[in-house]
Amino acid sequence: MAVVFQATGAATALSSTIIFDSKRIQFSHLRSLSERKTICCAVRSDGRLYSGSSPRGRKAEPLIANAVAVWLALEIAHTCFQTALEKGHELLLYEALREGLEEEMERDATVCVIGEDVGHYGGSYKVTRGLADKYGDLRVLDTPIAENSFTGMAIGAAMTGLRPIVEGMNMGFLLLAFNQISNNCGMLHYTSGGQFTIPVVIRGPGGVGRQLGAEHSQRLESYFQSIPGIQLVACSTPYNAKGLMKAAIRSENPVILFEHVLLYNLKERIPDEEYVCNLEEAEMVRPGEHVTILTYSRMRYHVMQAAKTLVNKGYDPEVIDIRSLKPFDLYTIGNSVKKTHRVLIVEECMRTGGIGASLTAAINENFNDYLDAPIVCLSSQDVPTPYAGTLEEWTVVQPPQIVAAVEQLCRGGWDLVKRSNTERKTICCAVRSDRRLYSVSSPRGQKAEPLIANAVALRIQSIYKPYVFRHELLLYEALREGLEEEMERDATVCVIGEDVGHYGGSYKVTRGLADKYGDLRVLDTPIAENSFTGMAIGAAMTGLRPIVEGMNLGFLLLAFNQISNNCGMLHYTSGGQFKIPVVIRGPGGVGRQLGAEHSQRLESYFQSIPGIQMVACSTPYNAKGLMKAAIQSENPVILFEHVLLYNLKERIPDEEYVCNLEEAEMVRPGEHVTILTYSRMRYHVMQAAKTLVNKGYDPEVIDIRSLKPFDLYTIGKSVKKTHRVLIVEECMRTGGIGASLTAAISENFNDYLDAEIVCLSSQDVGLELV
């Protein structure tokens, strides 16, 4: 048995391990604001004291100097804390949330609660029970069923000096308020130049319940993590539920507090004394030596159940509840990685674009040199949560999977298992500018040799098609040509959106189509994104193939609930009875001084939605080809068009062609480094490539085009050849496409990398904390 005492913390008893967490007992003199100098020691069963900060590859040596003094200090702290716990009181998690909320309402008259049934009914899970009787109906305000409205009301109240807490009856319902949360709650402090602070707390039940169905069992962390200016935390015990609630209310930043629907009745003894948890600090749940397991919320208990089995098998896992989902506590995580050199992430969130992907990218960027094995991430399946209990259990990570993953990591067998499932035996070739053909499947460290035999004929036949590139088009004209060809070919294709008719759309993509096909097939709508997106989904269910144009893709955040809960889920939740062949498209990306709301990079918001494909065009050629492919697809597709590329000109074929929605494009073959990019950044990369060539480097540039799913075949071939990866994107750094791509490459091709993956992303502007 090992007992850990951490000098910054307070303790939580869990099985045979006692841990001091951050706010119950403080030693503020041990660390400055800029750098934590935490003394972290472990007492082994033989009574010796070990340091947890030894260099990599060397076992911690017994501490000698001052060890007795440190031990006595920690013994005193431990005794004090045990006494405090004995005097504490037992609460269920929802009661701890209410106690923290009530204490803050008592302390600060500006704290108020807004939501459906939060008043005399006491909230959907009784977190606000009794508060309306005590503080009145103005401070505990019942609202109609209108999430977008009352969330906006809370943001306005925060601008006037109040501290509102918004309760969602279910966090999934707050997708109706996604535009308010992203464009107003997250941005206003930044876009007002600091004139307004938005101290709003958004909270409510979420996560996979027990047969609550797809819309009530969502994992929404992935949707919100890319919003600049917002902090995310997830509670997992009554102790940290109360402490995080109090900290969130006192914060000057907007905070989203995730509460798991299955943890509300969890009971724990908490101190009588007031305490506040740190919003940016992880919790050491169980110290260990062999592998770092990072988790949060309900998965903490799955991990601890697996940890018991692992200990019986001779493994010593270190378990950390990250708690802060944005930003990550890289100090605590880093110290653990430097000690164990292996990382397993366990989450209930989606696999694509989830918290695990962002965490993988962050660890890879900051601690890659300390890793002895690829980071492994166990996530939920990328499907809407099924209603059937057995299927629901299958979609979520279970303890036996955690045990198996740790065993593979510690035995070093993970890479072999994963690679055998993903590596393809196909002949992989690349045509260089000198027209020679090179194999990219040669052994690592050996340069690819020219292929002889029939390889040249094989490759040329597959790549160079007998197209005659005769007419030149701007990118928006290429989009229109592809759309027009599909409307001519298929009478079920129609266009829906604001000003798409006789005005021709905000960037003239639909110009002339209303005159040719009539107002019913090219339908002008009011300014009502949520409504006309829902209308398009309904039309698709009846057999039509609608194309939804957003005047700006940022405006379609008003329809986020329709896109996520209906467009993405309906084929699955209807058991395949309905197909939703909808194309959602429009201008986006960072323009030239268009302001924050018109310059958003929305790929990160949509990538976690199950059932939806995402592609980004970058040239007139692939704009037309992807438009046609998206319209012909049986799946809903989001087509991202960059606002600064509409006037890009290129010669395209007269013959009909269709691009593959799941295929990347080799832009420039090379040997030294793989550069992955898409959309506008393709041109920044190619400009840089010219400079690099002049300096003697030979970069390989790939336009990934398919943002979901990734073309891991093309990407993998390149990684096996160059052994270095640079990702360049305009998307947000946190939760962006780059983070998901980093996680995918790390999982599938880690053995082929000679350096850590580098990702150049846009700044998380708006994240400057007050």
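The following exercises, with worked solutions, concern helix packing and one sheet in a predicted model.

**Exercise 1.** Determine how helix α11 is oriented relative to helix α25, and describe the contact of α11 with α25.

*Solution.*
Step 1. Locate the helices: α11 covers residues 355–367 and α25 covers residues 737–749.
Step 2. Take the geometry: the two helices pack at an angle of about 75°, and their axes are 8 Å apart.
Step 3. Classify the angle: angles of 65 to 115 degrees count as roughly perpendicular, so α11 is roughly perpendicular to α25.
Step 4. List the residues that meet: α11 contributes Ala357, Ser358, Thr360, Ala361 and Asn364, while α25 contributes Ala739, Ser740, Thr742, Ala743 and Ser746.
Step 5. Sort the residues of this contact by class: 4 are nonpolar, 6 are polar and none is charged.

**Exercise 2.** Establish the strand order of the open sheet of 5 strands, and identify its edge strands.

*Solution.*
Step 1. Read the order, which is β14-β16-β15-β18-β19, with mixed pairing.
Step 2. Find the strands that pair on one side only: these edge strands are β14 (283–286) and β19 (376–380).
Step 3. Consider the turn between neighbouring strands, which is 25° on average, direction ignored.

**Exercise 3.** In which sense do strands β15 and β18 pair, and which helix lies across both?

*Solution.*
Step 1. Strand β15 (residues 291–295) pairs with strand β18 (residues 343–350) in the parallel sense, over 3 bridges.
Step 2. As one residue-level example, Leu294 has Ile345 in β18 as its bridge partner.
Step 3. Helix α13 (residues 399–411) lies across β15, β18 and β19, and runs at about 150° to β18.

Notes: Residues are numbered from 1 along each chain as its sequence is written. This is a predicted model: local features need pLDDT of at least 70, side-chain atom pairs count only at pLDDT 80 or more; totals for chains, interfaces and linings use all residues. Side-chain values use heavy atoms; hydrogens and water are left out. Axes are lines fitted to C-alpha atoms, for helices over the stretch in contact, and angles run from 0 to 180 degrees between N-to-C directions. Helices (H or I, at least four residues) and strands (E, at least two) are DSSP runs, numbered from the N terminus. Angles under 35 degrees count as roughly parallel, over 145 as roughly antiparallel, 65 to 115 as roughly perpendicular and the rest as oblique. Contact means heavy atoms within 4.5 Å. Ala, Val, Leu, Ile, Met, Phe, Trp, Tyr, Cys and Pro count as nonpolar, Asp, Glu, Lys and Arg as charged, and the others, Gly among them, as polar. Two strands pair if DSSP finds at least two bridges between them.
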